[in-house]
Amino acid sequence: MSRKERELRREFLESREYHTPSSGIFFKVKRLLYRQKSAYQEIEVIENEYFGKVLLLDGLVQTTERDEFFYHEILVHPGFMVHPNPQRILIIGGGDGGVLREALRYPVEGVVLVEIDPQMIEVSKRYFPWLSPALEDGRAELVIADGKNFIKGTDKTFDIVFIDSSDPVGPSAVLHDKDFYEIVKKRLNFEGIVVAQVGSPFFNLDSIVERGGFLKEIFRIVRFYVGTVPTYPGGSWCYVFLSNEIEPFSVRRRVPEGLKYFNLDVCEAAFALPNFIKTRLE
Ligand code: AG3
């Protein structure tokens with residue numbers, strides 16, 4: 001095959017995520033940088049002309065160079081904005097380092113990041129240098145473990161817990177169950193907050209509603225919110241803010257400089273739910 005043919009062929013290679021059996025998102029592959037099965041999942045990194053580097057786990061888009069800030073900022077900052085003194089932070093999942101990077105914008109004492117797949121951390125260090133430097137920060141402690149087992153076994157307690165899981169299939173499945181949230185609650189300090197990503201309100205509304213049901217049995221304050229993520233299914237993504245003492249918006253304590261998505265207005269708007277979601281959660 002000539003060089004030109006090879007190049008042409010490469011240009012037409014596509015990487016895709018199915019959102020339903022008949023629709024989804026595709027990325028033309030400018031370069032295939034990495035594709036390997038780790039002990040837990042298939043990890044794929046491609047380069048796309050528009051989105052830059054794209055990370056997929058088991059065929060599900062996790063993050064892209066161009067739009068990662070939408071997700072990482074809106075997951076992290078609402079919790080920090082209202083907590084009176086966030087010092088001890090826990091991240092479950094998030095081996096790419098993006099949530100950690102956002103948490104380290106604050107003067108926290110320490111962040112424990114629990115990632116099940118060591119290969120994910122290596123891939124991030126190699127291909128995602130805008131996320132991974134956080135993994136080397138002196139305030140970060142990396143633990144390679146199953147998030148649920150870690151929570152069960154630790155006697156540490158935390159001010160804010162972020163759950164940066166993938167979808168409820170594969171290694172992330174256990175991070176979506178009622179008993180997982182029950183044990184997370186036990187590891188919270190007074191005025192503790194938990195924030196988790198819970199899926200697409202368009203495609204996964206039934207599972208979000210079901211989760212709302214059992215979360216209300218565990219936490220006094222259960223508030224869902226939404227934000228845009230251009231490359232996730234449906235383009236709009238849902239998160240949940242949980243606490244026993246603190247309401248989102250009860251105060252506005254701090255917003256770091258230099259963010260690209262999050263600000264006070266966006267935060268307030270994020271908790272305003274469209275009717276198709278709101279009516280199901282009432
Ligand atoms: N974790 C949430 C990804 C969920 C995406 N789901 C999907 N594409 N079907 C992202 C990890 C980034 N730190």
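A charge sits over a ring if NZ of Lys or CZ of Arg is within 6 Å of the ring centre and within 35 degrees of the ring normal. Arg66 fits: its charged end sits over the ring of Tyr50, 3.9 Å from the centre.

This is a predicted model; local features need pLDDT of at least 70, side-chain atom pairs count only at pLDDT 80 or more, and totals for chains, interfaces and linings use all residues. Residues are numbered from 1 along each chain as its sequence is written, and side-chain values use heavy atoms, with hydrogens and water left out.

Now the aromatic rings. Rings of Phe, Tyr and Trp (its six-membered ring) pair if their centres lie within 6.5 Å; planes under 30 degrees apart count as stacked, over 60 as edge-to-face and the rest as tilted. The whole structure holds 18 aromatic pairs. Two of them are set out here.

| Pair | Centre to centre | Angle of planes | Type |
|---|---|---|---|
| Phe27 and Phe51 | 5.6 Å | 85° | edge-to-face |
| Phe80 and Tyr106 | 3.9 Å | 5° | stacked |

Phe27 and Phe51 are 24 residues apart in the chain. Both are buried, meaning under 20% relative accessible area (exposed is over 50%, partly exposed in between; 1.4 Å probe, protein chains only). Phe80 and Tyr106 are 26 residues apart. Phe80 counts as buried at 0% relative accessibility. Tyr106 counts as buried at 5%.

Ring pairs also build a cluster. Its members are Tyr71, Tyr225, Tyr232, Trp237, Tyr239, Phe241, Phe249 and Phe271.

Notes
Helices (H or I, at least four residues) and strands (E, at least two) are DSSP runs, numbered from the N terminus.
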